[in-house]
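Biologist: Please take a close look at one part of this model for me: the largest pocket and what surrounds it. Which element gives the largest share of the lining of the largest pocket?

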Amino acid sequence: VAPAGIVVGIVLDETGNRETAAGALASGILGAIATGTLFYVIFMEILPEGLKSGAYAFRKSLFVLFGFTIIALLSLIPEHHDDHTQACNVSLNGSMG
């Protein structure tokens, strides 16, 4: 089932037009399904298994919380947009555009 889902996702991503409402909706739904699947696997299968053992359980929980905090803070950093891209296009193409 997984290879079929990968193929469907690639085909929809390559052929879909995110500029239209239907394309944006399809992309949003597929992204939400993928995110939900990832969260389910992390919180229902991986974390309980790793935190189950009594040895260092508090320390493990603390580091999980620390990791999530770091990732959340990193997502708040604004993207840096370089103006060098236009300069590269000018030098490669010989004209602006």
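Modeller: H2 gives the largest share of the lining, with five residues. Keep in mind that this is a predicted model. The space in this largest pocket comes to about 160 Å³. Two elements each give two or more residues to the lining: helix H1, spanning 2-15, and helix H2, spanning 21-51.

Now the lining by name. Gly9, Leu12, Asp13, Gly16, Asn17 and Arg18 belong to it, and so do Ala22, Gly23, Ala26, Ser27 and Leu30. By character, five of the lining residues are polar, four are nonpolar and two are charged. Asp13 and Arg18 are among the lining residues, and both residue types count as charged. Gly9, Gly16 and Gly23 also line the pocket, and glycine is counted as polar here.

Next, the surface. A nonpolar patch there is made of Val8, Leu12, Leu25, Ile29, Leu30 and Ile33. Together these residues have about 550 Å² of accessible area. H1 and H2 are again the elements to look at, as each gives two or more residues to the patch. H2 supplies the largest share of the patch, four residues. Leu12 and Leu30 appear in the pocket lining and also in the nonpolar patch.

One patch residue deserves a closer view. Leu25 is part of the patch and is found in helix H2. Leu25 counts as exposed because its relative accessibility is 55%, and the cut-off for exposed is over 50%.

Technical notes
Residues numbered from 1 in each chain as written. Predicted model: local features only at pLDDT ≥ 70, side-chain atom pairs only at ≥ 80, totals over all residues. Heavy atoms only, no water. 1 Å grid on protein atoms, 1.4 Å probe; cavity = no way out; pocket = protein on both sides within 12 Å on 5 of 7 lines; lining within 4 Å. Points joined across faces, edges and corners; volume = space filled by probe spheres on them. Patch = residues over 30% accessible without salt bridge, like charges linked within 9 Å, V, L, I, M, F, W, Y side chains within 5 Å. Areas by Shrake-Rupley, 256 points an atom, 1.4 Å probe, with all protein chains shown as cover. Salt bridge = Lys/Arg side-chain N within 4 Å of Asp/Glu carboxyl O. Buried < 20%, exposed > 50% of the residue type's maximum accessible area, 1.4 Å probe, protein only.
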